[in-house]
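Me: I am new to protein structures and would like to learn how to read one. Could you take me through it a feature at a time?

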Amino acid sequence: MKLFNKILIANRGEIAVRIIRSARKLGIKTVAIYSAVEGEPMHSLLADECYCVGEQELSETYLNIKKIIEIANSADCDAIHPGYGFLAENPLFVEACVKNGIIFIGPDTKSISLMGNKIKARDFVKRLDVPMIEGISGSPAYLLNNASSIQFPLLVKAAAGGGGKGMRIVHKLADLENALENTSREAKNYFGDPTVYIEKYINQPRHIEF
């Protein structure tokens, strides 16, 4: 028995292609979205249906919750797969899906609210006495004035980041202000939230997720 008849993929590129191919193996129809500036991207050609979600700006396309929900409803989708990045860690998107009777393929709102913002996630894990690397959060001015409390190199990260976006390595204090500004701008563009924080950069770490 199929889990869904049709799903919308609220993403683009490689991740959207992988989801489409996996859904096809399961006999699930797929709906792709794309921006006008992309022309005919691969994921839109592979999906069973595709819809233009807007012109160019991410806030009007892949971050446009209202428009994505409208397309999912008009295409009679059972569920939405967010991929990673963009709206994948946005609790407001999950709430919009639930409100419209659409299944969100991913964690519930409570979990995303906690883990979707990395500053909140760090605070939560710290309260559990889980060992953590050094990090500081606060306003850009506070980060700039207190960064030297952590040994360089540093990693400037978007609080709402995901998918490898919104991160910059800083090797010296002189480069920090520019890194904060650029990372914040990228975070606003990709995730709709300019908040950034700093943590110590670990070179060639062993990455374990749980």
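Reply: We will go through two sheets, a strand, two residues and a pocket. This is a predicted model, in which local features need pLDDT of at least 70, side-chain atom pairs count only at pLDDT 80 or more, and totals for chains, interfaces and linings use all residues. Residues are numbered from 1 along each chain as its sequence is written, and side-chain values use heavy atoms, with hydrogens and water left out.

Me: Let us start with sheets. In what order do the 5 strands of the open sheet stand?

Reply: Helices (H or I, at least four residues) and strands (E, at least two) are DSSP runs, numbered from the N terminus. Two strands pair if DSSP finds at least two bridges between them. Here the order is 3-2-1-4-5, with parallel pairing. Strand 3 (49-54) and strand 5 (103-104) are at the edges with a single partner strand each, so one side of each has no neighbour in the sheet. Helix 3 (residues 65-74) packs on this sheet and touches strand 1, strand 2, strand 3 and strand 4 (79-81); contact means heavy atoms within 4.5 Å. Inside the sheet, 4 bridges join strand 1 (residues 6-9) to strand 2 (residues 29-35), and K6 stands opposite K29.

Me: Which strands are at the edges of the sheet with the order 6-9-7-8?

Reply: That open sheet has 4 strands and antiparallel pairing. Its edge strands are strand 6 (135-137) and strand 8 (167-170), each pairing on one side only. The twist averages 20° from one strand to the next; axes are lines fitted to C-alpha atoms, for helices over the stretch in contact, and angles run from 0 to 180 degrees between N-to-C directions.

Me: How many residues of strand 7 are buried?

Reply: Buried means under 20% relative accessible area, exposed over 50%, and partly exposed in between (1.4 Å probe, protein chains only). In a regular strand, side chains alternate between the two faces of the sheet. For strand 7, 5 of the 5 residues are buried, so the rest of the structure largely encloses it. L154, V156 and A158 are buried on one side, and L155 and K157 on the other. Strand 7 pairs with strand 8 over 4 bridges and with strand 9 over 5 bridges. V156 stands opposite R168 in strand 8, while A158 faces V196 in strand 9.

Me: Is T183 buried or exposed?

Reply: T183 lies in helix 8 (residues 176-191) and counts as buried because its relative accessibility is 0%. Not counting residues up to four places away in sequence, the residues that T183 touches include V156, K157 and R168. L58, in the loop between strand 3 and helix 3, also counts as buried, at 7% relative accessibility.

Me: What volume does the largest pocket have, and which element gives the most to its lining?

Reply: Rolling a probe the size of a water molecule over the atoms shows where empty space is left. On a 1 Å grid over the protein atoms alone, a cavity is a set of points where a 1.4 Å probe fits but cannot get out; a pocket is an open set with protein on both sides within 12 Å along at least five of seven lines, and lining residues have an atom within 4 Å of a point. The volume of the largest pocket is about 1,500 Å³, where grid points are joined across faces, edges and corners and a volume is the space filled by probe spheres set on the points. Its lining has 33 residues, with K118, K157, H207, I208 and E209 nearest the centre. Helix 6 gives the most, with 5 residues.
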